[in-house]
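Welcome, and thanks for taking a look at this one with me. Let's work through a few questions together.

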Amino acid sequence: MTTTFEGELSDKLQIIEANMDAANKVQVEAPEENNSNLPPKSSGPEPEFYKKAQKYWAEVPATVNGMLGGLGFISAIDIQGSSVFLREIRVPGTRLALDCGAGIGRVTRNLLMPRFCRVDLVEQDQAFAEKARQYCTSENVISGQVGEIYNVGLQEFTPTQQYDLIWSQWVLGHLTDSDLVAFFRRIRQALAPGAFFCLKENVSSSKKTVEDEEDSSVTRPLEHYERFLKEAGFRVVRKVKQKNFPKDLFPVYMIACKPFSKD
């Protein structure tokens with residue numbers, strides 16, 4: 001799971017964005033009709049890209065503050081924004097949800113378990129996955145229950161259930177472009193009739209993808225997510241910017257999607 005802020009790279013990113021000229025503000029991808037049959041470029045050499053991310057997160061404390069890169073105080077604001085978003089889209093089912101890139105289960109416990117009978121989690125870091133089981137089953141958790149915890153990266157995860165909601169937050173920047181589209185296609189097949197796939201991610205404030213070598217992630221423009229979702233067979237039904245986050249963070253957007261082939 002990736003963090004919501006620019007961290008130590010913020011000054012560098014501000015300088016980069018301040019010096020962008022008009023040419024850099026033009027979207028660099030070819031129009032969709034010219035490359036729709038080609039796979040998107042990977043964001044880096046895949047083995048090294050994923051290994052560096054695994055190494056980074058292996059050194060992060062299994063706490064809410066660790067999950068949010070030292071900004072644990074924004075957790076309540078984040079959950080509140082996501083709760084309003086889910087109420088607005090009116091998810092039809094309450095049987096089963098999936099939390100992708102679950103970390104220690106912060107979103108599972110505070111957002112999904114109060115709304116669903118059972119929540120499955122996907123988290124590749126073993127220490128985080130073990131903490132999630134503990135964190136989401138403590139005695140003061142009074143609603144919902146934890147289902148399966150899949151200890152695997154999203155680039156390798158294939159769902160085997162039908163979900164009423166699939167939620168993915170602050171993790172998609174750790175997938176290469178080609179793996180991201182493939183992931184979208186796999187989860188599209190795992191949605192129950194009428195179900196939603198929702199993602200919540202940082203987006204770059206320019207038309208360019210910003211790379212973070214420290215945690216081996218990328219921050220994509222909002223338009224890239226919309227294009228990749230469409231390529232994978234999704235239609236966007238709602239798109240909202242998270243409010244009340246500190247101003248020096250990347251913009252964060254929530255997107256709710258449904259497959260083209262299902263209502």
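The questions below concern a predicted model, moving from its cores to a pair of helices and then a loop.

Q: Which residues touch the most other members of the largest nonpolar core?
A: Nonpolar side chains tend to be buried together in soluble globular proteins. Here the largest nonpolar core holds 33 residues, and elements such as β4 (163–169), α8 (177–188) and α9 (222–231) each supply at least two of them. Within that core, the members touching the most others are I166, L172, F184, F197 and F234.

Q: Which residues does I166 touch, leaving out those up to four places away in sequence?
A: I166 belongs to the largest nonpolar core. With residues up to four places away set aside, its partners are L98, C100, I187, A190, L191, F196, F197 and C198.

Q: Are α8 and α9 parallel, perpendicular or oblique to each other?
A: D177, L180, V181, F184 and R185 in α8 meet Y225, F228, L229 and E231 in α9. The residues of this contact comprise six nonpolar, no polar and three charged. The two axes come within 9 Å and cross at roughly 50°. An angle under 35 degrees would count as roughly parallel and 65 to 115 as roughly perpendicular, so α8 and α9 are oblique.

Q: Is K243 buried or exposed?
A: K243 sits in the loop between β8 (234–241) and β9. Its relative accessible area is 61%, and the cut-off is over 50%, so K243 is exposed.

Q: How many Å apart in space are K243 and I77, C-alpha to C-alpha?
A: Along the sequence, K243 and I77 are 166 residues apart. In space, their C-alpha to C-alpha distance is 8.2 Å.

Notes. Residues numbered from 1 in each chain as written. Predicted model: local features only at pLDDT ≥ 70, side-chain atom pairs only at ≥ 80, totals over all residues. Heavy atoms only, no water. Core = buried A, V, L, I, M, F, W, Y, C linked by side-chain atoms within 4.5 Å. Buried < 20%, exposed > 50% of the residue type's maximum accessible area, 1.4 Å probe, protein only. Helix = DSSP H or I, 4+ residues; strand = E, 2+ residues; numbered from the N terminus. Contact = heavy atoms within 4.5 Å. Axes fitted to C-alpha atoms, helices over the stretch in contact; angles between N-to-C directions. Parallel < 35°, antiparallel > 145°, perpendicular 65-115°, else oblique. Nonpolar A, V, L, I, M, F, W, Y, C, P; charged D, E, K, R; others polar.
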